[in-house]
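Here is a short note for someone opening this structure for the first time. Please look it over, then read the points below.

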Amino acid sequence: WLAPLSELTPGNRPKLPPVKESTPADTLNTLAFFEVMNSELKKLPPRPAEAALTAQFDQIGIGPHSDFNLDTLNSDIRSGLEKALVDGAALVQASTQRTIESFNGWMISKDIGRYGYKFMHRAAVVKGGYGNLPEESLYPVSVFDSQGNLMNGNSGYRLHFEAGQMPPVDGFWSLSAYRLSDLQLEENEIERYSIGDRTPGLNYNEDGSLTLWLQHQRPVDADKNWLPVPAGMFMLVFRLYEPQPQVLGDDYMLPRLHKLDE
């Protein structure tokens, strides 16, 4: 807790203000979205190359030179905007599920935070929460195995880093597995939801290399660096915090993932 100095007495938490109740806003799924959009377009002047685009918005009353008013919408515009809410959400959802260029089986976007005129890419990133600039962190993603099939917990996988080929970062790195169905973590018996250079008890091979074992069932060998994965189809997300220049410049690539029966 914190308090202004005028109210601070060490060890004595100040009285909390009364709880205020309100109805949660649902601006993404109601026509109120366009009120917010209209307001923000007025605050953020369009770039020169967006003039034609925002002029189209003005034609339906939500551009930077318009005053959007729900109460004065005619039935045709109201119907069209209601349909746009549904269609727009579907387009953004589809964009989050697209594949992009991969390196050794890892899809890496290096323009997060600097979208330019890639409006759909920006919307897809925002739907997932947020994303740092590449200099702060990169998020390589893997969905397919080396044979082009969706990864599945029915199989086991390994990821091997040769000695001297650990991810070059000034921060830290980690690897997590998410269910493909809802992009959520799945509970496991050892309560491990990521593995990386900060994982206690990480076992390196005698030659200095590192092997990670990704499977749903516990390995027989307890010394293996095990990351439990979901029982069904899943995706992997690598996180590289403060990546060094060789990562940003494509001079370093993560190793390819291999199925245990390869």
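1. Charges come first. This is a predicted model. The protein carries 23 positive and 34 negative charges. The mean positions of these two sets lie 3 Å apart.

2. Next, the surface. The protein exposes about 16600 Å². Carbon and sulfur atoms supply 52% of that area. Of the 262 residues, 32% are buried.

3. Now the fold elements. Five helices and 11 strands make up the secondary structure of the protein. The radius of gyration is 24 Å, well over the 18 Å that the globule rule gives for 262 residues, so the protein is more spread out than a compact globule. Along the principal axes, the C-alpha atoms fill a box of roughly 70 × 60 × 35 Å.

4. Contacts along the chain deserve a look too. Take the contacts in the protein with a separation of 6 or more. Residues 24 or more positions apart account for 68% of them.

5. One residue to inspect is S174. Where is S174 found? S174 sits in strand β6, which covers residues 173–179. Is S174 buried or exposed? Its relative accessible area is 9%, and buried means under 20%, so S174 counts as buried.

6. Which residues is S174 in contact with, leaving aside its neighbours within four places in sequence? S174 touches S194, I195 and G196. S174 is also in contact with V237, F238 and R239.

Note on methods. Residues numbered from 1 in each chain as written. Predicted model: local features only at pLDDT ≥ 70, side-chain atom pairs only at ≥ 80, totals over all residues. Heavy atoms only, no water. Helix = DSSP H or I, 4+ residues; strand = E, 2+ residues; numbered from the N terminus. Rg over C-alpha atoms; globule rule 2.2 N^0.38 Å. Buried < 20%, exposed > 50% of the residue type's maximum accessible area, 1.4 Å probe, protein only. Contact = heavy atoms within 4.5 Å. Areas by Shrake-Rupley, 256 points an atom, 1.4 Å probe, with all protein chains shown as cover. Lys, Arg positive; Asp, Glu negative; His and termini not counted. Charge placed at Lys NZ, Arg CZ, Asp CG, Glu CD.
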